[in-house]
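Hi,

Here is the structure I promised to send over. Have a look first, and then read on for what turned up in it.

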Amino acid sequence: VPEHTCEINGTADTLKQIFVNLIKNAVEALPKGGRIDVINQGPGRRDGIDYFELQVRDSGPGLPDEVLAKLFSPIRSSKAGDNRGLGLSIVHGLVKKLNGRISCNSTPMGTSFEILLPVRVNKTLPK
């Protein structure tokens, strides 16, 4: 049983928007099917800060270097359909608004987004 609960400073709507955008991008990267994983890594520490770690990864073909170079910038999407190219820019802004971090690792075997959100620690009262 943990000594404390792990909470973040953010709303359900903010988290929903982050995940909807990341999962939508992953679905679009898999036109012939594949795998999308949403992974709760739980609490972790980076650079002396406690974070709640989440990951969204897919088994798509990966992102080209020119896309990776401007990944979180609002650009016109080259994808077919109704895409405006703003999804990752929005995700980046929301994560930053929560004082978090987001990073991307992409290879020809898939793409993974790691999201680190600062935790708010509430100690349980002694019995």
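A quick word on terms before the details: two residues are in contact when they have heavy atoms within 4.5 Å of each other. Also, keep in mind that this is a predicted model.

Let's start with Ser89, which sits in helix α3 (residues 87–97). Setting aside neighbours within four places in sequence, Ser89 touches Phe72, Ser73 and Pro74. Its relative accessible area is 18%, and buried means under 20%, so Ser89 counts as buried. The buried residues of α3 also include Leu88, Val91 and Leu94. Just after α3, Asn99 has a positive phi of about 60°.

Phe72 comes up again in the aromatic pairs, of which the structure holds 1. The partner is Phe113: the ring centres are 6.4 Å apart and the planes are at 65°, so the pair is edge-to-face. The two rings join distant parts of the chain, with Phe72 in the loop between α2 (65–69) and α3, and Phe113 in strand β5 (residues 110–123), 41 residues apart. Phe113 is buried, at 8% relative accessibility.

Now for helix α1 (residues 12–28). With 17 residues at 1.5 Å a residue, α1 should span 24 Å, and its end C-alpha atoms are indeed 24 Å apart. Its buried residues are Thr14, Ile18, Phe19, Asn21, Leu22, Asn25 and Ala26. Looking down the axis of α1, these fall within an arc of 155°, so they line one face of the helix. On the other side, Ala12, Asp13 and Lys16 are exposed.

Cheers

Technical notes:
Residues are numbered from 1 along each chain as its sequence is written. This is a predicted model: local features need pLDDT of at least 70, side-chain atom pairs count only at pLDDT 80 or more; totals for chains, interfaces and linings use all residues. Side-chain values use heavy atoms; hydrogens and water are left out. Helices (H or I, at least four residues) and strands (E, at least two) are DSSP runs, numbered from the N terminus. Buried means under 20% relative accessible area, exposed over 50%, partly exposed in between (1.4 Å probe, protein chains only). The expected span of a helix is 1.5 Å times one less than its number of residues. The arc is that of the directions from the helix axis to the C-beta atoms. Rings of Phe, Tyr and Trp (its six-membered ring) pair if their centres lie within 6.5 Å; planes under 30 degrees apart count as stacked, over 60 as edge-to-face and the rest as tilted.
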